[in-house]
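Me: I would like a close look at one part of this model, taken slowly. Please start from a single pair of residues and work outwards.

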Amino acid sequence: MSIVLTDLVKRYAGEAVVDNVSLEVRDGEFFVLLGESGSGKSTILRMIAGLAVPDEGSIVLNGRDVTRLPPQNRNTGFVFQNYSLFRHMTVAENVEFGLRVHKVPRAERAAKRDDLLALVGLAGFGRRYPRQLSGGQQQRVAVARALAFSPSVLLLDEPFGALDVKIRGQLRRALRRIQKSMKITTILVTHDQEEAFELADRIGVIERGHLLEVAAPAELYRAPKSELVASFVGDANLVATPSAGGKISIGELEIPLPDEAGARERAGSWAVLFRPEDLVAAASREALAAPVLGEGTVEDIREKGASRQLLVRLDPLTGVWPLKREYGEAGLALLVLLPSEREASVPAIGQKTWVGARDYHLLPRLPWRLLLLVDDTARSAYAAALCEKVAVTAGARLTVLGGAGQETSPPVVKLRESLPASDLRISLAEGGLTQRALAELERVGYDLVFLPGAFGSEQERLRGGRKGKADERVESGEIAVQCPVPMLVAQGEPRETRRVLLCTAAGEPGKLDVLLGAQLARSLGARVTLLHVEHADPRWGPPPEEGPGETTATRRARAWIERHLEQGLRTLRGQGVVAESRIRYGEPLSEILAEVTEGDHDMIVVGAHRERTYLDAPERDLVAGLVHRADRPVLIVKGKVER
Amino acid sequence: MLGSVSRGASRSAAGFLSLVLVAWASGGCRRETPAANESGLSAKKPVTLILGGYTTPREVYGKAILPAFQKEWQGTSGQRVQFRESYQGSSAQARAIVGGFEADVAVLSLEGDIDKIAQAGLITHDWKAAPHGGMVSTSIVVLAVRPGNPKKILDWPDLTRPGLNVLTPDPKTSGGAQWNINAMYGAALKGFAGVRKDDRAAAKDFLKRVFRNVSIMDKGARESITTFEKGIGDVAITYENEILIGRQAGQKYDYVVPRSTILIENPVALVDRYVDQHGVRAAAEAFVTFLHGPQAQSLYARYGLRPVEESVAKENASKLPAVQDLWKIDYLGGWKKASQDLYGPEGAFTQVFSELGSKR
Amino acid sequence: MAETARSLDGEVASGIAETGAEGRARPRPGEWVVVGIALAYAILLLFAPLAALARGALSRGVRAFFDALSTPDALSAIKLTFLLALGATAINTVFGVAAAWLLVRDRRFPGRRFVNGMVDLPFAVSPVIAGFMLIVLFGRTGWLAPLARAAGVKVLFAFPGMLIATTFISLPFVIREIMPLLGEIGEEEENAAYTLGAGRWRAFWSVTLPGIRSGLEYGVLLTFARAVGEVGAVLVVSGSIVGLTETATLFIFRALDERNAVAGYAMAMLLALSSFVLLTAMEWIRRRARSR
């Protein structure tokens, strides 16, 4: 093993830029670290070279622990993104530099230098200065320079990023050739997938400091182990659908679940990957010659030069939804590769076509992470009931925090029964429940928190009598202030959730409200009313409907709202939720409350997208007002909804 | 990006370099050798005497007295003596000497400045026991005016005329400035300034009215007169010899001798501490003696000073104008009392200065 | 069409200057006024005084000019000024480069902001105050006086004190010239050198130094020029001992006091000429750097 990295951690300003990365690179291997900007890949490379020092972990090069060694002593060659040639030296002097430092005699130096310059295709350029060379030529010099003193490892940090596509290709091939002939262990860092695939023996995919997967390019493409990697590398069609009876069905396609995971036969925990070349499109069902997924409309044709991709919008299939949620759309959008022989039968945009699947890959999904806080109040039991429903339907992982006395309480007992032990973690302890909850939220990234609605802690405390009792209560107001993730505040009479009122404002944050609301509604099996409240003074009544009285401004505003609602509805339906929309005019809080009563809704979804949510100020804040006066559970949407 | 290892090393390098700097500065590039052979007169080795003087007599020392002494000393002892001279305002010079300027001989304008050096423990002998009470030269406070005296300034009271521009140096640094103020104050008390006799308040008021006309206060007497020469001011209060030297250098001005003025007496003293440190006592003592002798005194006279040595004084008496009422610092009660009354915290001049200062 | 062209032309002319054949804009009346003011300013403040100096210096003839500058006092003053400037420049170059390096490359050492601010202290503080600081430190009752005495070194009223004073007042130039250059050049070339096996000294010498050379040259010249022109600090610290601690600038003061106008003007002329030479050298360096 040439290079062994063990649990490398690097932090900048408290954030872990490299988070417990371990990997091994074999002798003579060409290893590529693939990741987006800021993923930490360059940092890892620099740590290997010694230009950055890891906070934790170790680096072993050829059996030598070099973690604390300065770069001079590591015998690694480094090629920088911006070449970093010594601008005051000629090309020859640049290449010779490493040799001079190692006190190689002049004749030998000259011979080596000439060899290397020839190797990179720059023979005769010795006298020139870097500024007289093109980018590609400079990079070649950089490679020659790094190889001059025969390092044991070659490290390249996005070496071709600044170059034209054609040059990039040339240099890539040249690099591959050189590496193969010198058999030098090489790590190259890049964000370019094509580059990674062309050069690598193995690829390590890095995202936000985490090493997601390491595999040979083909394997990474055809059989990624997670949806993150699947969508990272190449075009991916990812589809989710609940499994039933040990298999997954999409249209006519039936996918058996693997045996080993038989025990994990939980709904929603699988995703199916179709690469564009796995799918076929045809004008008729019969012409497909592959299991049919469904029929749809051609939305777009993407030319890729060597091939063509169709973007087909499938008519909605029940129980099937895309993993990558698109706002404003319903139905699956699939990328289908059209092989070039089928010139004659390229469909036009808007045409209907049938799509079938010849191949697929099954992926385990990352489950939702839920946090439930329990105390001995009735509202807490309601929260637990809601949580249980969601957890079971969505196949989520649940953590429960509660007071010591909760062990035998009905909610906890029920949860133990409904969820498999591997997905359930219960932590009950004396006192300080609120503090523990906050600490837990900071420690782990949850997707949703279930709370009992408990405010006005002072009064509760008094009513509760002993201080010890109150310590075991959840202080929802306090938690709400600092909670970075969406919260479902359970309150009011426990009831079955059949109708959800989703309050949305037009604009980007509103989209998050809809997306999360859709997921929740689907898990609870509820219908959704999408509500937009337009500010208007109730004294004057609603603004005139379309007609001569309407100004351009109000018309434009109305059109915008209607489009937003339309998109919202499509999104909801695309997620498999039955939905309708309403517009009301007036003062937001009272209108929402009115709608709740009129529409007999069982839950409200509202967005609170400022950094801190103060639920203790019902007069000033819409969300707080809702929570205090609605007497229904409220889902408060905040933060970035990832899933 | 420096790794923590290299960063630590670079910091220690910087620390090391700063230590080197301190060591180097302490090591210094010029070392003063400690006191040399003190006892005998090393006939071959030259000796250096450092002179700390006030601004006015730089010509008489530089051009006349020092060369004369060098010749004399060479003759009597066979030793070459080299002089290092520094000239500043008398009080500034005294402070420099106290602060560490290693003058062997202090040639100052004010007795009080010599006392300052003595108080700092640098002069350990009784310098007033020397001939003429330690004084080597005298002069008087006069008023320099433009050729022909166009503003018709005749005596002290004229200085209070509104709109007149009067020059006098800064008493904080210049000895001459203190002589000037003492002269004015004394003259006022004596009734020669147009105010009531023996009336301190009136005398203070007189000072105030004069200083209202003072726009610039230079650092030393010499600077003050050169400012006058540049065309600034209508009248400059200064030493008589300052004017005479100026005339020798080709400057054209007239001067008025007030009816009542103070006798300026300039002391010289050997600074024991530094003299012994440098091991030059013999030469230094000889020098001070020389200054009291007839040769030096004649030279003083040639440069416009009034000699203290009687015979030489008599010889040169006719060359310089007589003063109707010439008085000494004793009239104001001696230097200590005068300094207290005028420049102390509650002193008359201090008050005048702050009162005027608030109006500027 | 023609109408539009004409009106457009008018707009162009009123807003922007017409371009001549070479592409340089021909100045308009308003610009002549500004140029005139700038010229008058330059003449008044720069050339006129220099001309007056020259006239004063040569008023008794060229011979007198050279004689005035060849007296032992004058020569000693010139020598002293030169030595002080040289010494201050040498110290400030070596330590300036080290300090600049540390300030730019090591972004986290304790007190970095403080040191960075302190570098500009000599600009903010009057040189006279610098002189007084030294007196407080090294005067007879000064805090560091025992140290100096133990080392047998006379600091005040002697060369070492003047050197410290001169070094202090000319301190910031090298550092401030180099810091932005170091920042601009960036660490990557140095990093490249490290990966190739070069130690930090080697990397500095071979890689960094060539990069900052023009800035360094410029900074050195500025330091030298500033040191030559210093008055306030050396006045306080030197005691103005003629022939021993009298610099060229102090010589000028004394010459004026002694009514030796020619000597004063001559020395002033000499200083002015040397400044001129230095400025020309600086301009030449700047040109060379730009053409690179």
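Which residue in S20(A) does Gly294(A) stand opposite?

Reply: This is a predicted model. In it, Gly294(A) stands opposite Val355(A), which lies in S20(A). That pair belongs to the contact between strand S16 (residues 292-303) and strand S20 (residues 352-357) of chain A, two antiparallel strands joined by five bridges. Another residue to follow is Thr297(A), whose bridge partner in S20(A) is Lys352(A).

Thr297(A) also has a bridge partner in S17(A), namely Arg313(A). Here the neighbour is strand S17 (residues 308-314) of chain A, which runs antiparallel to S16(A) and is joined to it by seven bridges. S16(A) and S17(A) form a hairpin with four residues between the strands. In this hairpin, Gly305(A) takes a positive phi near 80 degrees.

Now widen the view to the sheet. Five strands of chain A make up an open sheet, and their order is S15-S20-S16-S17-S19. The pairing is antiparallel. At the edges stand strand S15 (279-282) and strand S19 (333-338) of chain A; each has a single partner strand, so one side of each is left without a neighbour in the sheet. From one strand to the next, the twist averages 45 degrees.

To return to the start, the pair Gly294(A) and Val355(A) links S16(A) with S20(A), and in the order of the sheet S16 sits between S20 and S17.

How values were computed. Residues numbered from 1 in each chain as written. Chains lettered and ligands numbered in written order. Predicted model: local features only at pLDDT ≥ 70, side-chain atom pairs only at ≥ 80, totals over all residues. Pairing = 2+ DSSP bridges. Axes fitted to C-alpha atoms, helices over the stretch in contact; angles between N-to-C directions.
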